[in-house]
Each structure stands twice: as structure tokens, then as C-alpha cells.
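The questions below ask how labels are earned, setting each computed value beside the cut-off that decides the matter.

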Amino acid sequence: PQSLSSADCIALEDRYGAHNYHPLPVVLSKGDGVFMWDVEGVKYYDFLSAYSAVNQGHCHPKIIGALTEQASTLTLTSRAFYNDALGTFEKYVTQYFGFDKVLPMNTGAEAVETAIK
């Protein structure tokens, strides 16, 4: 793929992306542990940790290993089907936290949908 400058990347997002955030003018392209690099190769500390989504650091070897192992077995299932891992996970989480039920989700949209149903 062709390398784009920070200005090019920002201009593309500004032109074609929905304006729901106002990001800092830094275009990241790589991460390792607590560090990130922009498209020009400038190194940064990641003090934001993707709003706590990567507290363990970028590209943690155990997590990459687990992702690779699972993705090579079954990448993703729709909730239109059952799978052999979700029930076991739900049991663990509900017992660990003392909940009756749990709904794993990516966004708040699933919470709203479930509340309406």
C-alpha cells in the first residue's frame, strides 16, 4: 500500500468520514507495548490506552496468540447461531461478579436493543 502523510490521512477522514469525534492531529500506524508511532515514524507513549481498551499494551504476545489461535479455528459467529464458547464464558462472568445474566457487547447499541426487547 502507498504511504500517506499525516496531512493526507487527516484530509481523507475529514472528507469521507462522519464527524463524530475531534481527534488530535496525530495519525498512528503502529503500536508495541506502551509505545505508538505515527506515519512519519515519530514515537509516542500511549497514555490514553484506547480509553482503557489496551491497558495491557499494544500487540501483547499472549493476546495476539489467543486471537490468532481463535481466529484460525472460528473467526466470528453471529448471535443468530449458538457457539461452543459463549455459554461457558457467560457462566464464568455471572458467577465471578454475582450477576444473574450478562450481555457481552461491543457498543451501547446492543444495550438499547436488548432493553427495548
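Q: What makes Phe81 count as buried, partly exposed or exposed?
A: In this predicted model, Phe81 has a relative accessibility of 61%, and since the label exposed applies over 50%, Phe81 counts as exposed. Phe81 lies in the loop between helix 3 (61–73) and helix 4, and its C-alpha atom is separated by 24 Å from that of Gln95, 14 residues apart along the chain.

Q: How do you know whether Cys9 is in a disulfide?
A: A disulfide requires two cysteine sulfur atoms within 2.5 Å, whereas the closest cysteine sulfur to that of Cys9 belongs to Cys59 and is 18 Å away, so the distance is too far for a bond. Cys59 is likewise in no disulfide, with the sulfur of Cys9 as its nearest cysteine sulfur, and the structure as a whole holds zero disulfides.

Q: Why do Cys9 and Cys59 get the accessibility labels they have?
A: Cys9 has a relative accessible area of 18%, which places it among buried residues, because that label is given under 20%. Cys59, at 48%, is partly exposed, as this value falls between the 20% and 50% limits.

Q: What makes Tyr96 and Phe97 an edge-to-face, stacked or tilted pair?
A: Their ring centres are 4.9 Å apart, which satisfies the 6.5 Å limit for pairing, and their planes stand at 80°, which is over the 60 degrees required for edge-to-face; the pair is therefore edge-to-face. Tyr96 counts as exposed at 57% relative accessibility, and Phe97 also counts as exposed, at 53%.

Q: Why is the pair of Phe97 and Phe99 called stacked?
A: The centre-to-centre distance is 5.8 Å and the angle between the planes is 20°; because planes under 30 degrees apart count as stacked, that is the label the pair receives. A search of the whole structure finds six aromatic pairs, and Phe35, Trp37, Tyr45 and Phe47 form one aromatic cluster.

Q: What makes Phe99 eligible for a surface patch, and which residues form that patch?
A: Phe99 lies in the loop between helix 4 (86–97) and helix 5 (108–116) and counts as partly exposed at 47% relative accessibility, a value that passes the requirement of over 30% for patch residues. Together with Tyr92, Tyr96 and Phe97, Phe99 forms a nonpolar patch on the surface, with about 530 Å² of accessible area together.

Q: How do you know that a charge sits over the ring of Trp37 and over that of Phe35?
A: The charged end of Lys30 sits over the ring of Trp37 at 4.7 Å from its centre, and Lys43 lies over the face of Phe35 at 4.1 Å from the ring centre. Both distances satisfy the 6 Å limit that the label requires.

Q: Why is the contact between Glu113 and Lys117 called a salt bridge?
A: Side chains of opposite charge can pair when their charged atoms come close. For Glu113 and Lys117 the N to O distance is 2.8 Å, and because the criterion is a nitrogen within 4 Å of a carboxyl oxygen, their side chains meet in a salt bridge. The structure holds one salt bridge. Glu113 counts as partly exposed at 42% relative accessibility, whereas Lys117, at 75%, counts as exposed.

Notes:
Residues numbered from 1 in each chain as written. Predicted model: local features only at pLDDT ≥ 70, side-chain atom pairs only at ≥ 80, totals over all residues. Heavy atoms only, no water. Patch = residues over 30% accessible without salt bridge, like charges linked within 9 Å, V, L, I, M, F, W, Y side chains within 5 Å. Areas by Shrake-Rupley, 256 points an atom, 1.4 Å probe, with all protein chains shown as cover. Helix = DSSP H or I, 4+ residues; strand = E, 2+ residues; numbered from the N terminus. Buried < 20%, exposed > 50% of the residue type's maximum accessible area, 1.4 Å probe, protein only. Lys NZ or Arg CZ within 6 Å of the ring centre and 35° of its normal.
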